[in-house]
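Q: Please take a close look at one part of this model, the metal sites, and then place that part in its surroundings. A connected account would be preferred to a list.

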Amino acid sequence: MKCAKEIHARILQDGHQSDCLLLTALMGFYAFCENGTDARLVFDEMPQRDTVAWNVLISCYARNKRIRDALILFDVMQNPEYGSKPDDVTCLVALQACAHLGTLEFGERIHRFIDEHGYGDATNLRNTLIAMYSRCGCVDKAFRVFQGMSERNVVTWSALIHGFAMNGHGRDAIEAFREMQRMNVPPDEQTFTGVLSACSHSGLVDEGMMFFERMRTEFGISPSIHHYGCMVDLMGRAGYLDQAYELIISMTVKPDSAIWRTLLGACRVHGHVALGEHVVSHLIELKAQEAGDYVLLLNTYASVGDWDKVADVRRLMKEKGIQTTPGCSTIELHGQVHEFVVDDDSHPRMKEIYAMLDEIEKQLKIAGYVAEVSSELHKLSAQEKGFVLSYHSEKLAIAFGVLATPPGKTIRVAKNLRICTDCHNFAKALSSVYNREVVIRDRSRFHHFRQGNCSCNDYW
Ligand SMILES: [Zn+2]
Ligand SMILES: [Zn+2]
């Protein structure tokens, strides 16, 4: 990095600041080093910028979690003042950013741009479109892109299978896998991650076991940590917790924190306190425990009503100075991303949003919705708990969605953490009382709420 700064100084000193190629290369280096600020500095110094320079900056932002900024640049570069035109690479990076953020409208706009500018035949762009639509919860649109493709490779098939899997269409994912074999496209590791996660997300235990076996024996693919992760999730869902534990212990690769966390989640769902404690000890051993783990353990105790243990964990978290990640939900409206955190009051329409939330809760209560208190950490009185639960970020985002979109329009929310039981119940009730589809993408999956039910069948 120090070296790059010296080169940068030399470029300026020797009067090469109009050498677009040289400066773009330097930007690329900063981008590679995840240094968005310096990359931007170089970019701003350039007298002219070609599409490659824009692409480097956009990818740099996308890689450095400045995804919204990356998307803004996609529009800015087309401003007549700059007059650059996005090419297939720009579109690819921007689509990946949309997939990451779950911004459907923006993604659709790029899709139109691709078609209008004749990039539509590139298989990698089509594959990314499939992934983008899937990550935005629109598996039907993903499927339409797939159908329109004249050439499909293993990445295409895997993207479709993943799309079905994460949206809870397990049977369709398996059907796609079979079709792929009929077409003589050999599956790879990624394909099997998709197939196995389809089985786990849809609760297809026997099928999952069978595919796991076939992957090794028939296709000679040795299981990766992701495959094991799917299997642990699958077994955990079915309540085979001890078997899941055995599988982790017998793994040929070293178990990582994610896989222990999957099992911990299953312990919470099934109220298996002893195993939950054991799993936490593994996480501590890996020095990988994060706030979310304590929250899961805490919820495991809460699910069996052991409030003393809940208090213990809270004390421990306080002692260790563990901060929980604040929940954050986003909703896209007319191409703009609105962000909410817990108990948010920063949105310009906050008063209306809170009023709408109160109204919704009133309506849902009439229909039988009761706030789920065990999902909240604090040992508060029932009334206090109800109060605290009211303002989870996804509820605020949903209330805003009801407020700002016409009746019947699907509400799409992306959340950075797992959705809690109460918000899940809330969204289910809302989907029937307000006759709205609600799609929430949380940390690991999609929840499609429709007519009072969720595509995850209440397991996540
Ligand atoms: Zn919640
Ligand atoms: Zn769900």
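**Zinc sites and their surroundings**

A: Cys456 is buried, since its relative accessibility is 0%. In this predicted model, Cys456 supplies one of the donor atoms of the zinc ion (ligand 2), through SG. The other donors of the zinc ion (ligand 2) are His424 through NE2, His447 through ND1 and Cys454 through SG, and the distances run from 2.0 to 2.2 Å. The four donor atoms make angles of 103 to 117° among themselves, and the site is tetrahedral. Along the chain, the donor residues follow the spacing H-x22-H-x6-C-x1-C. His424 sits in helix α23 (residues 421–433), whereas Cys456 belongs to the segment after β6 (453–454), so this pair ties together parts that are 32 residues apart in sequence. His424 also counts as buried, because its relative accessibility is 1%.

The zinc ion (ligand 1) has three protein donors listed: His392 (ND1), Cys420 (SG) and Cys423 (SG). They lie 1.9 to 2.3 Å from the metal. Water is not among the atoms, so a site may look incomplete. The sequence spacing of these donor residues is H-x27-C-x2-C. Cys420 and Cys423 are both buried.

Helix α23, which holds His424, also takes part in covering a further helix, α20. Helix α20 covers residues 350–366, and its 17 residues should span 24 Å at 1.5 Å a residue; the end C-alpha atoms are 24 Å apart, which agrees. The buried residues of α20 are Met350, Ile353, Tyr354, Met356, Leu357, Ile360, Glu361 and Leu364. Viewed down the helix axis, these buried residues fall within an arc of 160°, so they line one face of α20. The elements covering them include β2 (336–341) and α22 (393–404) as well as α23. On the other side of α20, Lys351, Lys362 and Ile366 are exposed. After α20 comes Gly368, which has a positive phi near 105°.

Elsewhere in the chain, helix α7 (residues 104–116) can be checked in the same way. Its 13 residues should span 18 Å at 1.5 Å a residue, and the end C-alpha atoms are 18 Å apart, which agrees. Buried in α7 are Leu104, Phe106, Gly107, Glu108, Ile110, His111, Phe113 and Ile114. The cover over these residues includes the helices α5 (67–76), α6 (88–101), α8 (123–135) and α9 (139–147). The strands β1 (328–333) and β3 (411–415) are also among the elements that cover the buried residues of α7. Just after α7, Gly118 has a positive phi of about 75°.

One residue of helix α12 (189–201) can be added, namely Ser197. Ser197 counts as buried because its relative accessible area is 13%, and the cut-off for buried is under 20%. Leaving aside residues up to four places away in sequence, Ser197 touches Ala165 and Cys230.

As for the overall division, the domain assignment gives domain 1 as 223–324 and domain 2 as 330–454. The C-alpha centres of domain 1 and domain 2 are 27 Å apart.

How values were computed:
Residues are numbered from 1 along each chain as its sequence is written. Chains are lettered from A and ligands numbered from 1 in the order in which they are written. This is a predicted model: local features need pLDDT of at least 70, side-chain atom pairs count only at pLDDT 80 or more; totals for chains, interfaces and linings use all residues. Side-chain values use heavy atoms; hydrogens and water are left out. Helices (H or I, at least four residues) and strands (E, at least two) are DSSP runs, numbered from the N terminus. Buried means under 20% relative accessible area, exposed over 50%, partly exposed in between (1.4 Å probe, protein chains only). Contact means heavy atoms within 4.5 Å. Domain bounds come from an automatic or database domain assignment. Donors are N, O and S atoms within 2.8 Å of the metal (3.2 Å for Na, K and Ca); water is not among the atoms, so sites may look incomplete. Four donors count as tetrahedral if all angles lie between 85 and 135 degrees; four count as square planar and six as octahedral if opposite donors are over 155 degrees apart and all others between 65 and 115; anything else is irregular. The expected span of a helix is 1.5 Å times one less than its number of residues. The arc is that of the directions from the helix axis to the C-beta atoms.
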